[in-house]
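Let's take a quick tour of the aromatic rings in this one. Which ones pair up, and where do they sit?

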Protein chains: 4
Amino acid sequence: MASTRPFAIIAGVGPGTGAALAYKFSSAYPVALLARTPANYEPYVDEINKSGGKAIGISTDLSSSSSIQSAFQKINSEYGNVCAAAVYNASGRFFRKSILDLTEEEFTAGYDVSCKGAFLFTQAVMPMLLKATEGGVDAKYPPTLVYTGATASVKSSALMSSFSTGKYAMRALAQSVAREFAPKGVHVAHAIIDGVIDIPRTKEWLKDQPKEAKISPQGIADAYWNLHTQPNTTFTNEIDIRPMLEKW
Amino acid sequence: MASTRPFAIIAGVGPGTGAALAYKFSSAYPVALLARTPANYEPYVDEINKSGGKAIGISTDLSSSSSIQSAFQKINSEYGNVCAAAVYNASGRFFRKSILDLTEEEFTAGYDVSCKGAFLFTQAVMPMLLKATEGGVDAKYPPTLVYTGATASVKSSALMSSFSTGKYAMRALAQSVAREFAPKGVHVAHAIIDGVIDIPRTKEWLKDQPKEAKISPQGIADAYWNLHTQPNTTFTNEIDIRPMLEKW
Amino acid sequence: MASTRPFAIIAGVGPGTGAALAYKFSSAYPVALLARTPANYEPYVDEINKSGGKAIGISTDLSSSSSIQSAFQKINSEYGNVCAAAVYNASGRFFRKSILDLTEEEFTAGYDVSCKGAFLFTQAVMPMLLKATEGGVDAKYPPTLVYTGATASVKSSALMSSFSTGKYAMRALAQSVAREFAPKGVHVAHAIIDGVIDIPRTKEWLKDQPKEAKISPQGIADAYWNLHTQPNTTFTNEIDIRPMLEKW
Amino acid sequence: MASTRPFAIIAGVGPGTGAALAYKFSSAYPVALLARTPANYEPYVDEINKSGGKAIGISTDLSSSSSIQSAFQKINSEYGNVCAAAVYNASGRFFRKSILDLTEEEFTAGYDVSCKGAFLFTQAVMPMLLKATEGGVDAKYPPTLVYTGATASVKSSALMSSFSTGKYAMRALAQSVAREFAPKGVHVAHAIIDGVIDIPRTKEWLKDQPKEAKISPQGIADAYWNLHTQPNTTFTNEIDIRPMLEKW
């Protein structure tokens, strides 16, 4: 018999937002962490399991239907089929190039992960989120699905078409999913992360500025958690997040 | 000598959102509750003071500069000049009328409270919020100013021009204030309340629907509190809020 | 008996957009040009009358109900009551100031002209536009009302609150008016003028750049005329306009 | 030697908007009409050639890079390499389905035509549009590229995710292309067609309403033509279009 203890899934884990989300949600739920490269989730799986939480990591290509299906079979056999919270936090490779210089593969790379992958993930996770709205389940909060967007979700600059087309499309997906499943009790939200996140990869960026020029991953994780705890009378479907020194 | 214990101000108190905000913020701060009619804040002032919190109520016409100044003198003499959080939650009278039928006074009523009043309130409270960013002050979170908007902040329907022009203008104010004062450490946010709030006045509305068709005032208060607790690396400047059964 | 020959009204005339609109619409209609200062319309009234068109100028304070009513009485006695096209092209004084430094009068100056004046103008002109949808009138195109917005209609920067609150509110007005009166056959449009207009007052601006860095008033006038000629199966309710070298 | 007489390309031709665009632009330019099915362009090619214009039709799969390249080779050998105006008017198959019921292929169908195809088309046509900005070319207006969007470009409803993700992504593409190529003199615009277009396929829709409940294809064609004639000091980058009776 499948467990009815709800769990959380973070798709797109790496040092930064994904790790912060993993720690945050693991304080309440067993977590499944998805990333293509095991090195991107292994340290957090270990750390969470050592400190009394429960975590599994699954190597997943989030632009591939079969890879996502395989990941959800593992989740199901480990944790059951009641999902409390899921975050789609993946972005594809990033190309800053003229329209004239992008290959077709480079152009579609943004969409493949930001939107097609988000769709495939949504299809797989939604039945588990709907389970959490049913009777007999120990769900404290409405089941929640959050998509991580970016500045490029609402502004499409020159040379950014691969990334921004994917992120605009992800926002459309989030809105359509919210409108379809909110009436069934699933809380769907989209976050516009507008600024540089303070992670190892961006260490050299904005070096001449104080730390308030970058977004803290913990702050993002807290914001997503707060979305999760909203009651079904008070769903927030979109938030923006930026550091105090961001120009916008 | 002025106290350095930070306080909170809720402008536009009545049964519903204002009362919920008053209770929520009074659990952390002394609160000042502003409304034109004392009956709109008295029960909450009494209740908060009885249950171990601290509250004062001040009769204020939020479209009048002199009335707002007088209110802030009282706040200053009671609580000092360090404000942790302020909410502008007022709306003017509501007219559902054709452009051709509105008097000039009716048309400008929306702007007078939603925008001019919000401006006057911002001018009065901002120096107190800036105080909370200074050294020697016991501020746990970045000082926060939240404006309460509505569906009409982003959609202007037929017959709604008085209300929507005021709410669009308020949103412009919130964005300008955010851009000016975020770099100084003040968190400014705008909330789009998209739905019917579940208050005594709306008891008869949507009667044939379950309670998830209306927004709970407590949910709004929790959302504003969560905005307040965000660190200055992770400011959310706009949220929307709607019940799970809302069409949007 | 009132004339049934339709006329056009340009409110907010001066060298630049207003003058270009006056010339453009005078090639098809008698025009009434409104501005506070007669020097702002006299040259165009003279020029249009000399070159075979028909124009009158009326000194009008567009933030004053009585001044607008008086202007429309003059229009009615000169031209009758069938208006083919009206443009509200006025903005109030401009203040680039901190929220903390604006007087109440300075803050509300933006709204007074951009929104309250636009409302008063709309109330006065709408019955004349509706006349043009009736039988027995020689109207070639659906009667049209265009409001001139700005970058600040959709982006509210620091220090720009007086202007942007007025322009956001004007956009709300335009949308509400469009939704109320389009079903009655009146075409209502809002134009976001995003850039510096090439007029005498801006001669010294962007001097180091080619002329394609500024918007031509004639281009704006042509765009408004094209809006006017749209059939009632194909109304455009919002356009943006910027020069090729504008960053946006 | 390649001809320097500029031509126009309409991609996505069928009875309705494509046909109206073909006729409109053929009054000024030789036109190339692209559609997968020859029956969708043949009648217009014949009619234009008979009535003194010049038209060719090319069977093209607009989601296929090689098919688009082959089409542009034909255009180049027939008309040369100076393009005055191009319209991307294609949409993929339409699925009104729950997220849970869409196949991966159905979901991506919206993006494949609305965005990937628009990207491939843009890559192919942009060098020809840039040619029209060079000296020695007989170009009356700035070269123009228009993308046809829809209500779903800015609103993503339940059950519409395949279509809306493609259309949001197309809008992002249009904005990025506009920002990259406007400074080089190419006018890029996006049109939000918000309503039912009056074409043979929609004959039975809205039957109980007057003709002003649907958008006329000729009105769309005129609007695109008017965009094309704007000078480079006055580019409109986005318009909406709806019939007078549309609710919005």
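Here is a short rundown of ring pairs and of charges over rings.

Keep in mind that this is a predicted model. Searching the whole structure over all chains turns up 38 aromatic pairs.

**A tyrosine pair in chain A**
- A:Tyr23 and A:Tyr44 meet edge-to-face, with 6.0 Å centre to centre and 85° between the planes.
- A:Tyr23 belongs to helix 1 (residues 17–26) of chain A and A:Tyr44 to helix 2 (residues 42–50) of chain A, so this pair ties together parts 21 residues apart in sequence.
- A:Tyr23 is partly exposed, at 35% relative accessibility, while A:Tyr44 counts as buried at 13%.

**A Phe–Trp pair in chain C**
- The ring centres of C:Phe25 and C:Trp225 are 5.2 Å apart and the planes sit at 70°, so this pair is edge-to-face.
- C:Phe25 is in helix 1 (residues 17–26) of chain C and C:Trp225 is in helix 6 (residues 217–228) of chain C, so the pair ties together parts that are 200 residues apart in sequence.
- C:Phe25 is buried, with a relative accessible area of 2%, and C:Trp225 counts as buried at 15% relative accessibility.

**A ring cluster in chain A**
- A:Phe25, A:Tyr29, A:Tyr141 and A:Trp225 are linked by ring pairs into a cluster.

**Arginines over tryptophans, between chains C and D**
- C:Arg179 lies over the face of D:Trp248, 3.8 Å from the ring centre.
- Going the other way, D:Arg179 has its charged end over the ring of C:Trp248, at 3.8 Å from its centre.

Technical notes:
Residues are numbered from 1 along each chain as its sequence is written. Chains are lettered from A and ligands numbered from 1 in the order in which they are written. This is a predicted model: local features need pLDDT of at least 70, side-chain atom pairs count only at pLDDT 80 or more; totals for chains, interfaces and linings use all residues. Side-chain values use heavy atoms; hydrogens and water are left out. Rings of Phe, Tyr and Trp (its six-membered ring) pair if their centres lie within 6.5 Å; planes under 30 degrees apart count as stacked, over 60 as edge-to-face and the rest as tilted. Helices (H or I, at least four residues) and strands (E, at least two) are DSSP runs, numbered from the N terminus. Buried means under 20% relative accessible area, exposed over 50%, partly exposed in between (1.4 Å probe, protein chains only). A charge sits over a ring if NZ of Lys or CZ of Arg is within 6 Å of the ring centre and within 35 degrees of the ring normal.
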